[in-house]
Amino acid sequence: MEIKLFRPHSLEEALSQRAEYGRDALPIAGGQSLLVMLRNKLIDPKVLLDLEPLGELRGLQVRADGISIGAMTTFFDLISSTDVHKASPILAQAAAKVGSTAIRNLGTIGGNLCHNEPGADLPPALLALNASVELRSRNATRKVPLTEFFQGYFETAVEADEILSRVDIPTLPQGACGAYIKHSISPEDLAIAGVAVVLVPDGKNPVSARELRIGLGGVSPVPLRALNAEAALNGRALTDQAIQAAAEIAASEAEPMSDPH
């Protein structure tokens, strides 16, 4: 079947086309995932909406309450942004671990989230950052916490007439730090297991965590927050024993799927 390609000149035009064609139309951003699925005949859309010309979906805004990132912002943009390194350094860490140079140059934050592939690097980091997404339709705009966005295996909360327009990350508490680590066969592979942690230290006790957030990827059908592991460490001294116990709790919260590895 022949696929129609539309290149809307504005987000409003893209949303009108999305509303007209519904699930027969798929937005295409960097194309790093969607084109692979097309070549392998895993999807068969009637219409592709090319979002590449939409400058309004690119770039990063620093606000009083955090940062807002356009959905068409690339991994390379995240890695090279001083604002990202300053406000949300683990997002830059995660973006730097995505695929190859070509994928980082073309792939986008919005496309990565909407594709929702197990083992993707950005979702655990964004979950630990308490991120949310802005979903736009022709008639409405809604904000969805990332904890509610991933709904199933390759499934998200995006409706048939919606486009993910922005990713919002609230300002981290004073003194917060974090890290993203992944285990994979090679650096360019998807994560077999990816873990992002944001730690807010206890100002009165430097070896205790006032708040701890743990995002997990690759270990279940959807990325998730290890809430029970977080609860085991919040407000407690971060001893080796406490961390080991929390790790075992996090492992029990994971639901790994069978794969070749």
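These exercises work through parts of a predicted model, each with its solution.

**Exercise 1. Lys 182**

Find the strand that holds Lys 182. Then decide whether Lys 182 is buried or exposed, and which backbone oxygen its side chain reaches at 2.7 Å.

Solution.
- Step 1: Locate the residue. Lys 182 sits in strand E11, which covers residues 177-183.
- Step 2: Check its cover. The relative accessible area of Lys 182 is 16%. Buried means under 20%, so Lys 182 is buried.
- Step 3: Follow the side chain. It reaches the backbone oxygen of Asp 189 at 2.7 Å. A polar atom of the Lys 182 side chain also lies 2.9 Å from the backbone oxygen of Lys 97.
- Step 4: List neighbours. Leaving out residues up to four places away in sequence, Lys 182 touches eight named residues, among them Asp 121, Pro 187 and Gly 194.

**Exercise 2. Aromatic pairs**

State how many aromatic pairs the structure holds. Then describe the pair of Phe 6 and Tyr 21, and the pair of Tyr 153 and Phe 154.

Solution.
- Step 1: Count. There are three aromatic pairs.
- Step 2: Take Phe 6 and Tyr 21. Their centres are 5.7 Å apart, with 50° between the planes, and the pair is tilted.
- Step 3: Place these two rings. Phe 6 is in strand E1 (residues 4-6) and Tyr 21 is in helix H1 (residues 11-21). They are 15 residues apart, and the pair links distant parts of the chain.
- Step 4: Check their cover. Phe 6 has a relative accessible area of 22% and is partly exposed. Tyr 21, at 24%, is partly exposed.
- Step 5: Take Tyr 153 and Phe 154. This pair is edge-to-face, at 4.7 Å centre to centre and 80° between the planes.
- Step 6: Check cover again. Tyr 153 is partly exposed at 48%. Phe 154 is partly exposed at 31%.

**Exercise 3. Strand E5 and its partners**

Work out which strands are joined to E5 by bridges, and how many of its residues are buried.

Solution.
- Step 1: Find E5. It spans residues 66-70, and five of its five residues are buried.
- Step 2: Look towards E4 (residues 60-63). Four bridges join E4 to E5, and the two run antiparallel. One bridge pairs Leu 60 with Ile 69 in E5.
- Step 3: Look at the turn. E4 and E5 make a hairpin, with two residues between them.
- Step 4: Look towards E10 (residues 163-170). Five bridges join E5 to E10, again antiparallel. Here Gly 66 stands opposite Pro 170.

**Exercise 4. The open sheet**

Give the strand order of the open sheet of four strands. Why is one side of E11 left without a neighbour in the sheet?

Solution.
- Step 1: Read the order. It is E11-E12-E13-E14, with antiparallel pairing.
- Step 2: Inspect the edges. E11 and E14 (224-225) each have a single partner strand, so one side of each lacks a neighbour in the sheet.
- Step 3: Inspect E12 (residues 193-201) and E13 (residues 209-217). Eight bridges join them. Pro 201 has Ala 209 in E13 as its bridge partner.
- Step 4: Add the helix. H5 (residues 89-96) packs on the sheet and touches E11 and E12. Its direction makes about 15° with that of E11.

**Exercise 5. Nonpolar cores**

State how many residues the largest nonpolar core has, and how many the second has.

Solution.
- Step 1: The largest core has 37 residues. Leu 146 is one of those touching the most other members.
- Step 2: Leu 146 touches residues including Leu 113, Leu 126 and Val 133.
- Step 3: A second, separate core has 13 residues, including Leu 212 and Ile 214.

How values were computed
Residues are numbered from 1 along each chain as its sequence is written. This is a predicted model: local features need pLDDT of at least 70, side-chain atom pairs count only at pLDDT 80 or more; totals for chains, interfaces and linings use all residues. Side-chain values use heavy atoms; hydrogens and water are left out. Buried means under 20% relative accessible area, exposed over 50%, partly exposed in between (1.4 Å probe, protein chains only). A polar contact is a pair of N or O atoms within 3.5 Å; within protein, one must be able to donate a hydrogen and the other to accept it, and residues adjacent in sequence count only if both atoms are side-chain atoms. Contact means heavy atoms within 4.5 Å. Rings of Phe, Tyr and Trp (its six-membered ring) pair if their centres lie within 6.5 Å; planes under 30 degrees apart count as stacked, over 60 as edge-to-face and the rest as tilted. Two strands pair if DSSP finds at least two bridges between them. A nonpolar core is a set of buried Ala, Val, Leu, Ile, Met, Phe, Trp, Tyr and Cys residues joined through side-chain atoms within 4.5 Å. Axes are lines fitted to C-alpha atoms, for helices over the stretch in contact, and angles run from 0 to 180 degrees between N-to-C directions.
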